[in-house]
Amino acid sequence: MDQLLEIDLKVGPLSNVEPILMQSAFEAVIQDEERFTDVKLNVNVVPIKVKCELCGVVSEVHNYVFRCENGHPTNNIIQGDELVIEKVRFSN
Ligand SMILES: [Zn+2]
């Protein structure tokens, strides 16, 4: 039977998820479940990205300054507020 080995989570800085807290919550849960004790959780933090409505450029947001790289202010977030399971791996 296939065994769950690993879970990859994709977390954006705007998701209100603290990666370290997520990790320790996960470990607390799997401690009580024998079949999950070897499961590994990988929390991957992705950068915030905005797409400018004026010039259409996609830019990474640094220090929560929501501007495109041409200096236009924008709140059109296309990445950075997600909390998704990106991948799960099973043994064969
Ligand atoms: Zn722009």
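At 72% relative accessibility, N63 counts as exposed, and in this predicted model the place of N63 is in the loop between strand 4 and strand 5. The backbone of N63 has a positive phi of about 55° although N63 is not a glycine. Most residues other than glycine have a negative phi. A second residue of this kind is N16, which is likewise not a glycine and has a positive phi of about 65°. N16 is found in the loop between strand 1 and helix 1, and it counts as exposed because its relative accessibility is 76%, where the cut-off for exposed is over 50%.

The loop that holds N63 also holds C68, and from C68 one can turn to the metal site. The zinc ion has as its protein donors the SG atoms of C52, C55 and C68 together with ND1 of H72, and these atoms lie 2.1 to 2.3 Å from the ion. The angles among the four donor atoms run from 104 to 116°, and the site is tetrahedral, a term that here asks for all angles to lie between 85 and 135 degrees. Along the chain, the donors follow the spacing C-x2-C-x12-C-x3-H.

How buried or exposed are the cysteine donors C52, C55 and C68? C52, at 4% relative accessibility, counts as buried, and C68, at 5%, counts as buried too, because both values fall under the 20% cut-off. C55, by contrast, has a relative accessibility of 31% and therefore counts as partly exposed. When neighbours within four places in sequence are left aside, C68 is in contact with C52, C55, S59 and T74, and the first two of these names are also among the donors of the zinc ion.

Around this part of the chain there is an open sheet of three strands, with the order 4-3-5 and antiparallel pairing. Strand 4 (58-60) and strand 5 (77-79) stand at the edges, and each has a single partner strand, so that one side of each is left without a neighbour in the sheet. Neighbouring strands of this sheet are turned against each other by 35° on average, with direction ignored. Strand 3, made of residues 49-51, pairs with strand 4 in the antiparallel sense over three bridges, and within this pairing K49 has E60 of strand 4 as its bridge partner.

Another open sheet is formed by three strands in the order 2-1-6, and there the pairing is mixed. Strand 2 and strand 6 are the edge strands, each with a single partner strand, so one side of each is without a neighbour in the sheet. The twist in this sheet averages 20° from one strand to the next. The mixed character can be followed pair by pair: strand 1 pairs with strand 2 in the parallel sense over six bridges, whereas strand 1 and strand 6 (residues 83-90) pair in the antiparallel sense over seven bridges. E6 shows both pairings, having K40 in strand 2 as a bridge partner and standing opposite R89 in strand 6. I7 has V88 as its bridge partner in strand 6. In a regular strand the side chains alternate between the two faces of the sheet.

Which element lies across strand 1, strand 2 and strand 6? Helix 1 does so, and it runs at about 165° to strand 2. The largest nonpolar core is made up of eight residues, namely I7, L9, V11, F26, I30, V39, L41 and V43. Strand 1 (4-11), helix 1 (19-31) and strand 2 (40-45) are the elements that give two or more residues to this core, and strand 1 gives the most, with three residues. V39, itself a member of the core, is in contact with L4, L5, E6, I7, F26 and I30 once its neighbours within four places in sequence are left aside.

A single distance relates strand 2 to the metal site. The C-alpha atoms of C68 and V45 are separated by 21 Å, with the two residues 23 residues apart along the chain; V45 falls within strand 2 (40-45), while C68 gives its SG atom to the zinc ion.

How values were computed: Residues numbered from 1 in each chain as written. Predicted model: local features only at pLDDT ≥ 70, side-chain atom pairs only at ≥ 80, totals over all residues. Heavy atoms only, no water. Core = buried A, V, L, I, M, F, W, Y, C linked by side-chain atoms within 4.5 Å. Buried < 20%, exposed > 50% of the residue type's maximum accessible area, 1.4 Å probe, protein only. Helix = DSSP H or I, 4+ residues; strand = E, 2+ residues; numbered from the N terminus. Contact = heavy atoms within 4.5 Å. Donors = N, O, S within 2.8 Å, 3.2 Å for Na, K, Ca; no water. Tetrahedral: all angles 85-135°; square planar, octahedral: opposite > 155°, others 65-115°. Pairing = 2+ DSSP bridges. Axes fitted to C-alpha atoms, helices over the stretch in contact; angles between N-to-C directions.
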